[in-house]
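Student: I would like to take a close look at one part of this protein, namely the spaces enclosed by its chain. Please guide me through them and then through their surroundings.

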Amino acid sequence: MIRVTVWNEFVHERNSAEVAAVYPEGIHAAIAGFLSKEADLRVRTATLDMPEHGLTQEVLKDTDVMLWWGHHAHREVSDEVVERVAQRVLDGMGLIVLHSAHASKIFRRLMGTNTHKLRWREDEKMQRYWVMDLAHPIAQGLGDYFELPVEETYGEHFDIPKPDDLVFVSWAPGGEVFRSGCCWNRGQGRVFYFQPGHETYPTYYDPNVQKVIVQAVRWAYREQVQPFVTDHTQALADISKR
Ligand code: ZN
C-alpha cells in the first residue's frame, strides 16, 4: 500500500460560497475521494488549522506521498513544518504540488527559485495540456493532449529550475504556453508540479486530471530508499603502492 497524505490549507472553501459550491467538503476531500477508490492507495487528509497543520513527525513517517494545495495562506504555514516536510522529501517521500501551491513555502524551499513568479489570468477560458513525454508514467492513457473546458491561465516565464522530466506544456487561447507538468528529483525524493486546480472550477472532478494525479502518486512513490555513507571514510584500497 502507498500511504498518501492530501494537505490543503482549506481556507477558500470556508470563506467563499462560490468555492464551497464546487468543493463543499474542501478540495482535499475531493482529491482524497478519487484517490481512495484506488486499491493500492491508503489516503488521509490534513489541513492548516490542525495542530502542526496535521503534519506531525508521526504523520510524515507514515506518509509515502504527499499532495499539497495552497493559495491564500502560504505565509501561515510554519517554517518548522515546512522544513520537516522538506527533510522528509529529501529522505524519499514523494511530493505533488498542485496549482497555486507553486508559490508555497515548501515548493520554493525545494526548488530554490522564485517559483511564485509567473503570468496568470482568470478569464474562464479552456486550457489544452499537451503531453511532452509520451512514455512518461504520469502521462499514460491521455493521448497527445487533453483539455479542460475552464481553467485559470498560467503563462511563461515560470521561475523554476530546469525540470528533470517535462511531462506537460499547456496552451491558453490568449496565446500563452506554460510548463504545466514538471518532475524533479530532490535527494531521495521525487517532486511533481501540476498546474490545473483553481478553486472556483470543478477541475478535480475531471477524469483526465484524476488520472494524472493517481499516476503521479504512483510515480512519486519510492518503495525502497537506499541508505548511503555520509561519514568520514577510509580508502577502499591501499593506493600508496600504485
Ligand atoms: Zn488559481
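Student: By class, how many nonpolar, polar and charged residues does the lining of the largest pocket have?

Tutor: The model is a predicted one. In the lining of the largest pocket, four residues are nonpolar, seven are polar and two are charged. The volume of this largest pocket is about 170 Å³. Its lining consists of 13 residues, and those closest to the centre of the pocket are H71, H102, W120, E152 and Y154.

A cavity is to be distinguished from a pocket, because a 1.4 Å probe fits into a cavity but cannot get out, while a pocket is an open set of points. The structure has one cavity of 30 Å³ or more, and the volume of the largest cavity is about 40 Å³. Among the residues that line the largest cavity are W7, E9, W68, G70, H74 and V77. Its lining comprises six nonpolar, three polar and two charged residues.

One of these lining residues, E9, deserves further attention. E9 is located in the loop between β1 (2-8) and α1 (12-15). Its relative accessibility is 2%, so E9 counts as buried, given that the cut-off for buried is under 20% relative accessible area. V77, which also lines the largest cavity, is 68 residues away from E9 along the chain, and the C-alpha atoms of the two are separated by 8.7 Å.

The backbone in other loops may be considered next. H99 has a phi near 45 degrees, which is a positive value in a residue other than glycine. H99 is situated in the loop between β4 (94-98) and α6 (105-111), and with a relative accessible area of 0% it is buried. E52, likewise not a glycine, has a positive phi of about 55 degrees. E52 belongs to the loop between β2 (41-47) and α4 (57-61); its relative accessibility is 42%, so E52 counts as partly exposed. Another backbone feature is the cis peptide bond from E156 to H157, with omega near 15 degrees. H157 lies in the loop between β8 (153-155) and β9 (165-171).

Finally, we turn to the surface. A nonpolar patch is formed there by W130, M132, Y145, W171 and V177, which together have about 460 Å² of accessible area. Within this patch, W130 is part of strand β6 (residues 127-131). The relative accessible area of W130 is 34%, so this residue is partly exposed.

Conventions. Residues are numbered from 1 along each chain as its sequence is written. This is a predicted model: local features need pLDDT of at least 70, side-chain atom pairs count only at pLDDT 80 or more; totals for chains, interfaces and linings use all residues. Side-chain values use heavy atoms; hydrogens and water are left out. On a 1 Å grid over the protein atoms alone, a cavity is a set of points where a 1.4 Å probe fits but cannot get out, and a pocket is an open set with protein on both sides within 12 Å along at least five of seven lines; lining residues have an atom within 4 Å of a point. Grid points are joined across faces, edges and corners, and a volume is the space filled by probe spheres set on the points. Ala, Val, Leu, Ile, Met, Phe, Trp, Tyr, Cys and Pro count as nonpolar, Asp, Glu, Lys and Arg as charged, and the others, Gly among them, as polar. Patches are made of residues with over 30% relative accessible area and no salt bridge: like charges are joined within 9 Å, nonpolar side chains (Val, Leu, Ile, Met, Phe, Trp, Tyr) within 5 Å. Accessible areas come from the Shrake-Rupley method with a 1.4 Å probe; for residues, only the protein chains shown count as cover. A salt bridge is a side-chain nitrogen of Lys or Arg within 4 Å of a carboxyl oxygen of Asp or Glu. Helices (H or I, at least four residues) and strands (E, at least two) are DSSP runs, numbered from the N terminus. Buried means under 20% relative accessible area, exposed over 50%, partly exposed in between (1.4 Å probe, protein chains only).
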